[in-house]
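The following exercises are to be solved from the sequence and the coordinates. Each is followed by a worked solution.

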Amino acid sequence: MTERRKPPFRADHVGSLLRPASLLAARKKFEDGDISAAELRAAEDDAIRDVVHRQEDVGLQSITDGEFRRGSWHMDFLCAIGGIRAGGAQLRPFHNGCGEVRNEILIPEVYSKLHLDTSVFGDDFAFLSSVSTQTPKQSIPSPSILHSLGETERLGAYKDNDALLEDLKKVYVRHIEMMYELGCRYLQIDDTTFAMLGDPSYREKMRARTGGPEQSHITYINLINAIVKQKPADMVVCVHTCRGNHRSAWVASGGYDPVAEAVFSELEVDGLFLEYDDERSGGFEPLRFVPKGKFVVLGLVTSKRGELEKKDDLKRRIEAAARHVDVDQICLSPQCGFASTLEGNLVSEEQQFAKLRLIVETANEVWN
């Protein structure tokens with residue numbers, strides 16, 4: 001077993017981090033018209049400098065800006081693409097362990113032909129690179145999110161779904177090109193659909209929409225593969241998938257079994273960040289489909305609850321996973337981000353960094 005000097009790292013994380021109170025206050029002042037955009041950005045810069053230092057202090061090798069400049073993990077990116085705008089909000093059913101709750105989810109809408117004129121988050125990534133001594137990572141929503149949020153019925157200028165997917169592919173290819181020019185060598189694509197399809201009720205919903213067998217994961221595998229096929233050889237691209245993450249609540253439950261063979265073996269990326277923090281994720285048996293050379297970043301540490309996991313429990317779970325995939329292909333991370341939206345999960349900053357430190361310490365003991 002060996003340590004890794006390139007991503008994905010033995011100890012990694014998904015990307016979003018809890019926004020500090022000072023930053024939330026600055027954003028509120030900006031929305032109220034009390035400070036300028038420049039003043040808000042200065043507050044963001046200060047908060048990012050601090051959170052980069054804290055990530056490096058716990059020993060992480062992959063560093064993000066915590067998504068501190070975003071309102072949500074998906075909308076800021078998608079709405080920066082020409083031809084996409086916010087299409088309003090929908091109340092969606094979530095679960096928090098005590099029953100069903102309704103959370104408001106923002107929806108993207110296609111209103112004209114898609115195009116990308118400037119890099120999305122380019123300036124943000126450049127700033128992150130300037131203040132970090134480790135490997136800066138950018139996370140972006142998967143192109144499938146336009147479909148998985150149910151907006152295929154409102155395609156705007158597109159009457160043909162294939163034409164939409166082709167233009168969407170071109171936008172993502174161009175984004176990757178521009179980010180590479182800015183020095184990005186570690187990119188994470190966040191795709192909720194793969195894990196969600198492990199839930200029987202979600203699969204039934206998708207069948208009803210398409211009028212046939214649920215094959216959307218094949219469409220999204222092919223779309224992501226067409227995009228990453230054109231990436232530079234020295235850029236690492238990983239896909240993260242989970243079952244929903246908003247205010248410590250989730251959308252779906254169920255193992256990876258229905259899609260594992262196709263997703264794990266055919267998705268042509270360097271690594272897979274997989275949610276595995278509790279029984280909702282099913283067993284490790286689907287990992288047998290992960291081919292040699294592809295890494296699995298096990299999300300064994302939950303970002304949804306503050307209680308700190310036990311190191312020995314994490315080691316036992318890594319051993320259990322290693323019965324199905326080579327332990328040298330395994331890395332460790334939280335199961336999702338700590339703040340997919342501004343509100344963040346119901347944990348404290350101290351608990352968040354204690355979990356990140358635990359991941360680093362556990363990984364060091366297992367692989368070093």
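Four exercises follow, moving from the whole chain to single residues.

The structure is a predicted model, in which local features need pLDDT of at least 70 and side-chain atom pairs count only at pLDDT 80 or more, while totals for chains, interfaces and linings use all residues. Residues are numbered from 1 along each chain as its sequence is written, and side-chain values use heavy atoms, with hydrogens and water left out.

**Exercise 1. Characterise the overall fold.**

Step 1. The protein chain has 12 helices and 10 strands; helices (H or I, at least four residues) and strands (E, at least two) are DSSP runs, numbered from the N terminus.

Step 2. The radius of gyration is 19 Å, close to the 21 Å that the globule rule gives for 368 residues, so the chain is as compact as a globular protein of that length. The radius is taken over C-alpha atoms, and the rule is 2.2 Å times the number of residues to the power 0.38.

Step 3. Along its principal axes, the C-alpha trace spans about 55 × 50 × 45 Å.

Step 4. Of the 368 residues, 57% count as buried (under 20% relative accessible area; exposed is over 50%, partly exposed in between; 1.4 Å probe, protein chains only).

Step 5. Among contacts (heavy atoms within 4.5 Å) between residues at least 6 apart in sequence, 78% join residues at least 24 apart.

**Exercise 2. Test the length of helix α6 and describe its ends.**

Step 1. The expected span of a helix is 1.5 Å times one less than its number of residues. For the 21 residues of α6 (residues 161-181) this gives 30 Å, and the end C-alpha atoms are 31 Å apart, which agrees.

Step 2. At the N-terminal end, D160 acts as a cap, with a side-chain oxygen 2.7 Å from the backbone nitrogen of D162. After the helix comes G183, whose phi is positive, near 105°.

Step 3. The buried residues of α6 include L164, L168, V171 and I176.

**Exercise 3. Examine salt bridges within and between elements.**

Step 1. A salt bridge is a side-chain nitrogen of Lys or Arg within 4 Å of a carboxyl oxygen of Asp or Glu; by this rule the count comes to 26.

Step 2. K169 and E166 form one such pair, at 3.3 Å from N to O. Being three residues apart in α6, they are separated by about one helical turn. K169 counts as buried because its relative accessibility is 18%, whereas E166, at 35%, counts as partly exposed.

Step 3. K315 and E365 form a salt bridge, their closest N and O atoms being 2.5 Å apart. K315 lies in helix α11 (residues 311-321) and E365 in helix α12 (residues 349-367), so the pair ties together parts that are 50 residues apart in sequence.

Step 4. Salt bridges that share partners join R243, E275, D277, D278, R280 and K304 into one network.

**Exercise 4. Which side chain of opposite charge is nearest to the buried residue R203, and what polar atoms does R203 reach?**

Step 1. R203 lies in helix α8 (residues 200-210).

Step 2. R203 has no salt bridge, and the nearest side chain of opposite charge, D199, is 6.6 Å away. Here Lys and Arg count as positive and Asp and Glu as negative; His and the chain ends are not counted.

Step 3. A polar atom of the R203 side chain lies 3.0 Å from the backbone oxygen of L197, and the side chain also reaches the backbone oxygen of G198 at 3.3 Å.

Step 4. Leaving aside neighbours within four places in sequence, R203 is in contact with L197, G198, E214 and P258.

Terms used. A polar contact is a pair of N or O atoms within 3.5 Å; within protein, one must be able to donate a hydrogen and the other to accept it, and residues adjacent in sequence count only if both atoms are side-chain atoms.
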